[in-house]
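Let's take a relaxed walk through this structure, looking at its charged pairs and one of its helices. Have a look at the sequence and the model below before reading on.

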Amino acid sequence: QRQNVVANEGDFDAVGLARSDSQACVQIFYVRYGRMVGKENFNIPDSGSVSDKELISAFLKQFYGEDTVYIPGEIILPVLPEDAELFSTWLSARKKAEVRIYVPERGFKRSIKDMAASNAEKYLADRKLQWEYRAAREEGAVQKLAEILHLPDLPERIECFDISHIQGAETTASMSVFEHGVPAKKEYRKFKLE
């Protein structure tokens with residue numbers, strides 16, 4: 001696995017946050033022994049009704065609450081949640097060593113925190129483009145079909161049948177279903193015809 005040297009030493013996670021419309025993205029950089037050994041993205045549905053502090057707090061509780069997750073000596077955050085001190089105490093007890101949770105104001109660790117936030121924004125922007133492309137492709141196909149067939153309304157459900165046989169024997173049929181332009185694979189069926 002490729003590793004990037006980011007410091008002479010260090011054992012920390014840097015958390016970045018980006019929000020857009022109804023989605024949020026949390027990005028974590030894993031730094032072990034001064035080397036960035038990995039990163040991970042997490043998509044979170046975002047109703048916009050919670051603050052950045054509340055969103056980070058909920059994420060940290062869920063992510064570091066799992067027994068399988070390694071707990072580093074430091075967790076660098078974009079914003080400090082209200083319960084950061086309590087959270088630090090809880091993680092320190094689990095790790096059996098001090099776990100520092102803070103927002104760096106300057107220096108190298110601030111640049112790592114800013115990079116995590118920048119990566120989260122880029123990831124969210126890329127995902128948004130993918131969602132828009134997929135929606136345009138699916139809706140566009142339904143609109144084009146309605147136009148070609150001169151339908152008064154857009155088709156909500158499309159059922160396509162394919163009949164096949166071997167020289168007139170072993171006749172079978174398959175049905176594919178699309179709802180609002182999206183394949184509804186649970187609705188697919190196979191038929192054996194007499």
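A salt bridge here is a side-chain nitrogen of Lys or Arg within 4 Å of a carboxyl oxygen of Asp or Glu. Keep in mind that this is a predicted model. Side chains of opposite charge can pair when their charged atoms come close.

How many salt bridges does this rule give? The count comes to 13. Let's go through a few of them, starting with D13 and R32, whose side chains meet with N and O 2.8 Å apart. D13 sits in strand β2 and R32 in strand β3, so this pair ties together parts that are 19 residues apart in sequence. Are the two partners buried or exposed? D13 has a relative accessibility of just 1%, so D13 counts as buried. R32 is buried too, at 15% relative accessible area.

Next up is E74, which forms a salt bridge with K109; their closest N and O atoms are 2.5 Å apart. This pair also links distant parts of the chain, with E74 in strand β5 and K109 in helix α3, 35 residues apart. Buried means under 20% relative accessible area, so E74, at 17%, makes the cut. K109, at 23%, is partly exposed.

For a local pair, look at E147 and K144. Both lie in helix α3, 3 residues apart, or about one turn of the helix. E147 is exposed at 54% relative accessibility, while K144 is partly exposed at 45%.

Here are the three pairs side by side:

| Pair | Closest N to O distance |
|---|---|
| D13 and R32 | 2.8 Å |
| E74 and K109 | 2.5 Å |
| E147 and K144 | 3.7 Å |

Salt bridges can also join up: R157, E159, E179 and E187 are linked in a network of them.

Now for helix α3 itself, which covers residues 108-148. What span should its 41 residues have at 1.5 Å a residue? The expected figure is 60 Å, and the end C-alpha atoms are 59 Å apart, which agrees.

Several residues of α3 are buried, among them I112, A116, A120, L124 and V142. The charged residues K113 and E138 are on the buried list as well. What do the buried residues of α3 pack against? Their partners are strands β2 (11-20), β3 (23-32), β4 (35-45), β5 (74-76) and β9 (182-183). After α3 comes H150, which has a positive phi, near 55°.

Notes:
Residues numbered from 1 in each chain as written. Predicted model: local features only at pLDDT ≥ 70, side-chain atom pairs only at ≥ 80, totals over all residues. Heavy atoms only, no water. Helix = DSSP H or I, 4+ residues; strand = E, 2+ residues; numbered from the N terminus. Expected span 1.5 Å × (residues − 1). Buried < 20%, exposed > 50% of the residue type's maximum accessible area, 1.4 Å probe, protein only. Contact = heavy atoms within 4.5 Å.
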